[in-house]
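This report describes the structure shown below, beginning with its sheet and ending with its loops.

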Amino acid sequence: MNSPANLFANVAKRSSRAPAAPFLPMSRAEMDKLGWDSCDIILITGDAYIDHPSFGMALVGRLLEAQGYRVGIISQPDWTSVEPFRALGKPNLYWGITAGNMDSMVNRYTADRKIRSDDAYTPNAEPNKRPDRAVTVYCQRAREAFPGVPVIAGSIEASLRRIAHYDYWSDKVRRSVLFESKADLVIFGNAERALVDVTRRIAAGENIKSIRDLRGTAFLVPHGWLPDEEWTVHNSTRVDVPGRIDAQPNPYAMALEDPKQCALDNAQPEPEVKPIVIMTREQRQAAAREKAQKTVVRLPSFETVSEDPVMYAHASRVFHLESNPGNARALVQQHGDRDVWLNPPPLPLAMDEMDGVYDLQYARAPHPSYGKAHIPAWEMIRYSVNIMRGCFGGCTFCSITEHEGRIIQSRSEPSILREIELIRDTTKNFAGTITDLGGPTANMYRLACKDKKIEETCRRLSCVYPTICSNLGTDHSKLISLYRKARAIPGIKKILIGSGLRYDLAVRSPEYVKELVTHHVGGLLKIAPEHTEEGTLSKMMKPGIGAYDEFKALFDKYSREAGKKQYLIPYFIAAHPGSTDEDMLNLALWLKKNNFHLDQVQTFTPTPMAMATTMYHSAKNPLHKVTEDSEEVLTAKSGKTRKLHKAFLRYYDPENWPVLREGLKRMGRGDLIGNGERHLVPPAGSEQEVAPQRGERRPPVAPRSEAPKGRVIEVATRRNGRGGERRSEPAPFMAPPSKAKAGILSTIKSKPKAGRK
């Protein structure tokens, strides 16, 4: 593989090609103003064009512009015609295709496969401005518009579909996106370095079909193709053995047992005698690394994984075991008479490279053509700053690790502080509050393995599950320093933390929790325990609920010391693989005991390549070796239970009471139906149920969260290997000693309205 060079090594030599524009051109008129007769690269995106580093197309466009290339953008084109794809003319080098910041299927559909009524990445949140499987459609239209121009696909949609994958919306295993889109190349993960390299090589006259050595790229080759004769192929079973283990051969047999052959013909050949070479540990590791660089692991073919769930789970496990850029090998998967070849994941960007990407000249606003249109995604991030990438949590329902990697890539403190000052000085209507300093996980900033050599050889799927690795640095002092310097900037009144928080890491640094609670919580802090039951949490690779309790104790302590009334708002996932009816009931009882009224719930949606999606599709657990007899995971299938699981999270809502009563009776837990404190729901015809019809107030609820709208998947009961149903014993609900307290928000006094005495 290519050795990494600094992203901005040649920028100074090539950045003077044209004066910097406030926005990249979206029309011929804008190109004319710049004096361009053509674009070198045209980027097509399913999102509105917002020139801000939180939006992929803007980041990629400015990066290529800094390298000296002329970049145009076609945003949300009408895919029913080829003409919108010809709006900027023929690109000199290639098309760059993305569905946008979100997977187009997740963006357009609920977990019930119903069309969403809005799109946060579109002006005025209008729906239906992008097609299903947008990467495929855009690639095909671009090819039609100007045949012969190379097509490169990227972003999260292409990245998570680079091999055969289970597609929830069609309920089948689909081929790699390379087949359906007909793209010449897919760039996955952190794409900057590969994108700059491939652009330079195409500009130098190299055919894209010959560019086969870049990390973080996938492409189609003839079946059996290898880069050169030094490469070797390992079957995936050498990484992890699937299926039933074959009986061991008889070590004393002199010949294979075949009576039709004479012993002489059937005997094993004489072993080749090789001298014993004694090597040091360092020499062995170096030899292994050198061999791995010329080794490709062959995954089970598309035809195999599309029909055999066990082999699908095996392929998923091997794929994730080969995800550390320090030791990952190339992967190959057969699709008919061709192979999908995946080079190892990209190496993480160095801090100065991250700074270079985020310090580029962005207009930091939506394109003027949108006028005063409201774009929800822009409103959410306009006053926030991204400080890092990646996540080493490895949560099975999340695709961050598969896309951005588990090695944290952080910006420098000066770069982040400069961006805060830029927001203060240039962003319209800025009132002094930075709404977030974060990323995928707010408190993983500059956390890393204590030893680079250990990091490069590690094959753990998570650095924090089942326990926090002893080699992981958990010192939050650099983040504390950043917080203090950020809020000391003149004109900055408040710095809030809106990104997700890994609270099992936070409790390792009580000083950080104190800093966070004292200065950076705006009354409510959202965290994500996801569930309370160990069986479900183990399938999520999340810590036990005890870690939440430990964090809450610190949160409450430091809130009291700061003289503030502040509250935790927990996120939970309904109907995750491995979650039984009893698990969801126990979660509901925990919510009632702690007096949480969830307004919206984040519910599991099977996204391509996530390990929880593998559990959903195959009913196998890829976190451990997969065999025919290995652990069976309950999967979400039935509509009736699906409703029940969602209802458990909103147990207080009268609309859910009929579903809950029926479910509780079916589960043999009718004892939880009644009007007492120990009951979960009231009986039919109770006064509480008809209160809303008489204009009375419903129970208070927590504020609407910024999580995706509630999406639920039902769990169908499977049978275990002994033929009985796998059901846990009902856990009794222990009522609190005193009467239930009011909702958490009812304790926050609201200001009296004007005119009242």
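## Basis for strand pairing

Two strands are taken to pair if DSSP finds at least two bridges between them. On that basis, strands E9 and E10 are a parallel pair, joined over 4 bridges. The model discussed here is a predicted one.

## The ten-stranded sheet

An open sheet of 10 strands, with mixed pairing, follows the order E2-E1-E3-E4-E7-E8-E12-E11-E10-E9. Its edges are formed by strand E2 (71-75) and strand E9 (232-235), each of which pairs on one side only. With direction ignored, neighbouring strands of this sheet are turned by 25° against each other on average.

## The E2 edge and helix H3

Strand E1 (residues 41-45) has parallel partners in E2 and E3: the pairing with E2 runs over 5 bridges, and that with strand E3 (residues 94-97) over 4 bridges. Ile44 appears in both pairings, with Ile74 as its bridge partner in E2 and Ile97 opposite it in E3. Helix H3 (residues 56-66) packs on the sheet, where it touches E1, E2 and E3, and its direction makes about 175° with that of E1. Together, E1, H3 and E2 form a right-handed β-α-β unit.

Although E2 is an edge strand, 5 of its 5 residues are buried, so the strand is largely enclosed by the rest of the structure. In a regular strand the side chains alternate between the two faces of the sheet. Both faces of E2 are covered, with Val71, Ile73 and Ser75 buried on one side and Gly72 and Ile74 buried on the other.

## Strand E10 and its neighbours

Which strands flank E10 in the sheet order? They are E11 and E9. The bridges to E9 include one between His234 and Val297 of E10. On the E11 side, E10 pairs in the parallel sense with strand E11 (residues 330-335) over 4 bridges, and Arg298 stands opposite Val332.

Why is strand E10 (residues 295-299) described as largely enclosed by the rest of the structure? The reason is that 5 of its 5 residues are buried. Thr295, Val297 and Leu299 point one way from E10, while Val296 and Arg298 point the other way, and all are buried.

## The largest nonpolar core

The largest nonpolar core comprises 78 residues. Those with the most contacts inside this core are Ile420, Leu437, Phe551, Phe648 and Leu680.

Leu437 illustrates the packing. Leaving aside neighbours within four places in sequence, Leu437 is in contact with Val385, Ile387, Ile416, Ile420, Ala442, Tyr483, Ala486, Ile495, Leu496 and Ile497. One of these contacts, Ile420, is also listed among the residues with the most contacts inside the core.

## Asn656 and helix H26

Asn656 lies in the loop between helix H25 (639-649) and helix H26 (657-666). Is this residue, Asn656, buried or exposed? Its relative accessibility is 16%, and because buried means under 20%, Asn656 counts as buried. The side chain of Asn656 reaches the backbone oxygen of Arg650 at 2.9 Å. Not counting residues up to four places away in sequence, Asn656 touches Ala647 and Arg650.

The buried residues of H26 include Trp657, Leu660, Arg661, Gly663 and Leu664. An α-helix has 3.6 residues a turn, so residues three or four places apart point the same way. Just after H26, Gly668 takes a positive phi of about 75°.

## Backbone features elsewhere

Glu530 is not a glycine, yet has a positive phi of about 75°. This residue, Glu530, is placed in strand E19 (residues 524-530) and counts as buried at 5% relative accessibility. Met609 is likewise a non-glycine residue with a positive phi of about 75°. Met609 occupies the loop between strand E21 (602-603) and helix H24 (611-618), and counts as buried at 6% relative accessibility.

A cis peptide bond, with omega of about 5°, joins Tyr465 and Pro466. Pro466 is found in the loop between helix H17 (452-457) and helix H18 (477-487).

Note on methods:
Residues numbered from 1 in each chain as written. Predicted model: local features only at pLDDT ≥ 70, side-chain atom pairs only at ≥ 80, totals over all residues. Heavy atoms only, no water. Helix = DSSP H or I, 4+ residues; strand = E, 2+ residues; numbered from the N terminus. Axes fitted to C-alpha atoms, helices over the stretch in contact; angles between N-to-C directions. Contact = heavy atoms within 4.5 Å. Buried < 20%, exposed > 50% of the residue type's maximum accessible area, 1.4 Å probe, protein only. Polar contact = N/O pair within 3.5 Å; in protein donor to acceptor, adjacent residues only side chain to side chain. Core = buried A, V, L, I, M, F, W, Y, C linked by side-chain atoms within 4.5 Å. Right-handed = clockwise from strand over helix to strand, strands pointing away.
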